[in-house]
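These notebook entries record what I looked up in the structure shown below. I kept them in the order in which I worked.

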Amino acid sequence: MAIPGRSSLDITSYVRRVTGDVAVYGLIDPRNGELRYVGKAVDPVKRLGVHLSLARTNKLGPSLVKHWIQSLLALGLRPELEVLETVPKEQHAEAERFWIG
């Protein structure tokens, strides 16, 4: 059932907050479709916003993901977000390792 004005990702994030599950998400390079980063978050859309904000403001120290996002932003691009799976928070590390390969 859809809720007017809410995306399916918004609803899914709400369900994860209620159940205690987390999303294992990937950041995809829009130039070639390559999975470049795997992380976990209750709200992956919000987490992507944090990644973008840190890259734009150059806060915190150097990191490969921040440098990659900065290079995309310089081209007028941004990473694509894909929720790879949703798992109980106790299982996130195993799921992340699986997706990282």
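**Entry 1: helix α3.** I began with the outward face of α3, the one turned away from its buried side, and found the exposed residues Leu64, His67 and Ala74 there. I note at once that the model is predicted. Next I listed the buried residues of α3, which are Val65, Lys66, Trp68, Ile69 and Leu72. Around the helix axis these residues cover an arc of only 160 degrees, so they lie on the same side of α3. I recalled the helical geometry: an α-helix has 3.6 residues a turn, so residues three or four places apart point the same way. I then asked what covers the buried residues of α3. The cover includes β1, β2 (residues 35-41) and α2. Just after α3, I recorded that Gly76 has a positive phi of about 80 degrees.

**Entry 2: the nonpolar cores.** I looked up the largest nonpolar core and obtained ten residues: Tyr25, Leu27, Ala41, Leu48, Leu52, Ala55, Val65, Trp68, Ile69 and Leu72. Two or more residues of this core come from each of β1 (21-28), α2 and α3 (64-74). Which element gives the largest share? It is α3, with four residues. I also found a second, separate core of six residues, among them Val24, Val38, Leu84 and Val87. For one member of the largest core, Leu52, I listed the contacts beyond four places in sequence, and these are Ile69, Leu73, Arg78 and Pro79.

**Entry 3: His51.** I turned to His51, which is located in helix α2 (residues 44-57). Is His51 buried or exposed? With a relative accessible area of 6%, His51 falls under the 20% limit and is therefore buried. I searched for a polar partner and found Tyr25, whose side chain makes a polar contact of 2.8 Å with that of His51. Tyr25 is also one of the residues of the largest nonpolar core. Setting aside neighbours within four places in sequence, I listed Tyr25, Leu27, Tyr37, Val65 and Ile69 as the contacts of His51. For the pair His51 and Ile69, I noted a sequence separation of 18 residues and a C-alpha to C-alpha distance of 7.9 Å.

**Entry 4: salt bridges.** How many salt bridges does a search of the whole structure find? The search gives two. In one, Arg31 pairs with Asp29, and the closest N and O atoms are 2.7 Å apart. In the other, Asp29 pairs with Arg36, with 3.7 Å between the closest N and O atoms. I checked the exposure of each partner. Asp29 has 2% relative accessibility and so counts as buried. Arg36, at 40% relative accessibility, counts as partly exposed. Arg31 has a relative accessible area of 45% and is likewise partly exposed. Through Asp29, which takes part in both bridges, I could link the three residues: Asp29, Arg31 and Arg36 form one network of salt bridges that share partners.

**Entry 5: Thr19.** I looked up Thr19 and placed it in helix α1 (residues 8-19). Its relative accessibility is 45%, so Thr19 counts as partly exposed. I then took the C-alpha distance from Thr19 to Pro88 and obtained 8.3 Å, although 69 residues separate the two along the chain.

**Entry 6: the whole chain.** I closed with the overall figures. The protein has four helices and three strands, and from the N terminus on I read their order as α-β-β-α-α-β-α. Of its 101 residues, 28% count as buried. What part of the contacts with a separation of 6 or more joins residues 24 or more positions apart? I found 59%. The accessible surface comes to about 6500 Å², and carbon and sulfur atoms account for 56% of that surface.

Note on methods
Residues numbered from 1 in each chain as written. Predicted model: local features only at pLDDT ≥ 70, side-chain atom pairs only at ≥ 80, totals over all residues. Heavy atoms only, no water. Buried < 20%, exposed > 50% of the residue type's maximum accessible area, 1.4 Å probe, protein only. Contact = heavy atoms within 4.5 Å. Areas by Shrake-Rupley, 256 points an atom, 1.4 Å probe, with all protein chains shown as cover. Polar contact = N/O pair within 3.5 Å; in protein donor to acceptor, adjacent residues only side chain to side chain. Core = buried A, V, L, I, M, F, W, Y, C linked by side-chain atoms within 4.5 Å. Arc of directions from axis to C-beta. Salt bridge = Lys/Arg side-chain N within 4 Å of Asp/Glu carboxyl O.
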